[in-house]
Amino acid sequence: MSYYRRAHIPGGSYFFTVVTAGRQQILTNPDIRAALRAAITKVRLTHPFIIDGWVLLPDHLHCIWTLPQGNADFSTRWRLIKREVSVACGKDYLNPELLSARRIKKQCGTLWQHRFWEHLIRNDADYASHMDYLHFNPVTHGLIDSVSDWPWSSFHRHVTNQVYAADWGGSSCSAVVLPYDG
């Protein structure tokens, strides 16, 4: 079994990238979105966390969470969320082409990649650059011309809270480039 070094800082803020298996373009489908929302709501009842930023793209999502003081277990939260979505929608999205021997042996579906990528947010500048990155990601992928055009993003909430201007991230805006795009 592989060992992944992860930074576990209780009460920390983390940037995540979670990807569908085989980069299937399904995350913006209404049933997947509803299952994801329900899963997050359910998991937060027993494993609370704050969603600081979020963007949902067809084949992956980016988000920033802040965990409660004294708790650094983001892996359990992601395992539970992914499982809930898989139970709700997995049969409808079972893709035999993605069923490896490992997935069959472990009775895994074909909705999600097995793991996720995380980054511990180090300071305010790191937080701001990752927040910009996740909100600008639909533009980066050519899905829209302006950040405000993407419906599945916390950008709209941040505009309401006056964190971003409504016209931030228009087609003339230069993208924030981070070393990894999951």
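**Exercise 1. Which residue in S4 does Phe16 stand opposite? Place this pair in the sheet of the predicted model.**

*Solution.*
Step 1. Phe16 stands opposite Glu118 in S4.
Step 2. The two strands concerned are S1, which spans residues 13-19, and S4; they pair in the antiparallel sense over four bridges.
Step 3. The open sheet has four strands in the order S2-S3-S1-S4, with antiparallel pairing.
Step 4. Strand S2 (50-56) and strand S4 (117-120) have a single partner strand each and stand at the edges, so one side of each is left without a neighbour in the sheet.
Step 5. On average, and with direction ignored, neighbouring strands of this sheet are turned by 15 degrees against each other.

**Exercise 2. Describe the secondary structure of the protein chain and the placement of helices H1 and H2.**

*Solution.*
Step 1. The protein chain contains five helices and four strands.
Step 2. Along the sequence, these elements follow the pattern β-α-β-β-α-α-β-α-α.
Step 3. Helix H1, residues 30-46, lies across S2 and strand S3 (60-66), and its direction makes an angle of about 165 degrees with S2.
Step 4. Helix H2, residues 74-89, lies across S1, S2, S3 and S4, and runs at about 140 degrees to S3.
Step 5. The 16 residues of H2 reach 22 Å from the first C-alpha to the last, close to the 22 Å expected at 1.5 Å a residue.

**Exercise 3. Determine which residues of H2 are buried, and relate them to the largest nonpolar core.**

*Solution.*
Step 1. The buried residues of H2 are Phe74, Thr76, Arg77, Trp78, Leu80, Ile81, Lys82, Val85 and Cys89.
Step 2. The elements that cover them include S1, H1, S2, S3 and S4.
Step 3. The largest nonpolar core has 30 residues, and those with the most contacts inside it are Trp54, Trp65, Trp78 and Ile81.
Step 4. At least two residues of this core come from each of S1, H1, S2, S3 and H2.
Step 5. Trp78 and Ile81 thus appear both among the buried residues of H2 and among the core residues with the most contacts.
Step 6. Beyond four places in sequence, the contacts of Trp54 include Leu36, Ile40, Leu61, Trp65, Trp78, Leu134 and Trp152.

**Exercise 4. Is Val139 buried or exposed? Describe its surroundings.**

*Solution.*
Step 1. Val139 belongs to helix H4, residues 124-140.
Step 2. The relative accessible area of Val139 is 16%, and the cut-off for a buried residue is under 20%; therefore Val139 is buried.
Step 3. Outside its neighbours within four places in sequence, Val139 is in contact with Ile144, Asp145, Ser146, Val147 and Gly169.
Step 4. Asp149 is 10 residues from Val139 in sequence, and their C-alpha atoms are 9.3 Å apart.
Step 5. Val139 is included, with Leu57, Tyr133 and Phe136, in a second, separate core of 16 residues.

**Exercise 5. Assess the confidence of the model and the overall packing of the chain.**

*Solution.*
Step 1. The mean pLDDT of the protein chain is 89, with 86% of its residues reaching 70 or more.
Step 2. Over residues 172-182, pLDDT stays under 50; the model has 22 contacts beyond four places in sequence for this stretch.
Step 3. The protein chain has 182 residues, of which 46% count as buried.
Step 4. Among contacts in the protein chain with a separation of 6 or more, 70% join residues 24 or more positions apart.

Conventions. Residues numbered from 1 in each chain as written. Predicted model: local features only at pLDDT ≥ 70, side-chain atom pairs only at ≥ 80, totals over all residues. Heavy atoms only, no water. Pairing = 2+ DSSP bridges. Axes fitted to C-alpha atoms, helices over the stretch in contact; angles between N-to-C directions. Contact = heavy atoms within 4.5 Å. pLDDT = per-residue confidence, 0-100. Core = buried A, V, L, I, M, F, W, Y, C linked by side-chain atoms within 4.5 Å. Buried < 20%, exposed > 50% of the residue type's maximum accessible area, 1.4 Å probe, protein only. Expected span 1.5 Å × (residues − 1).
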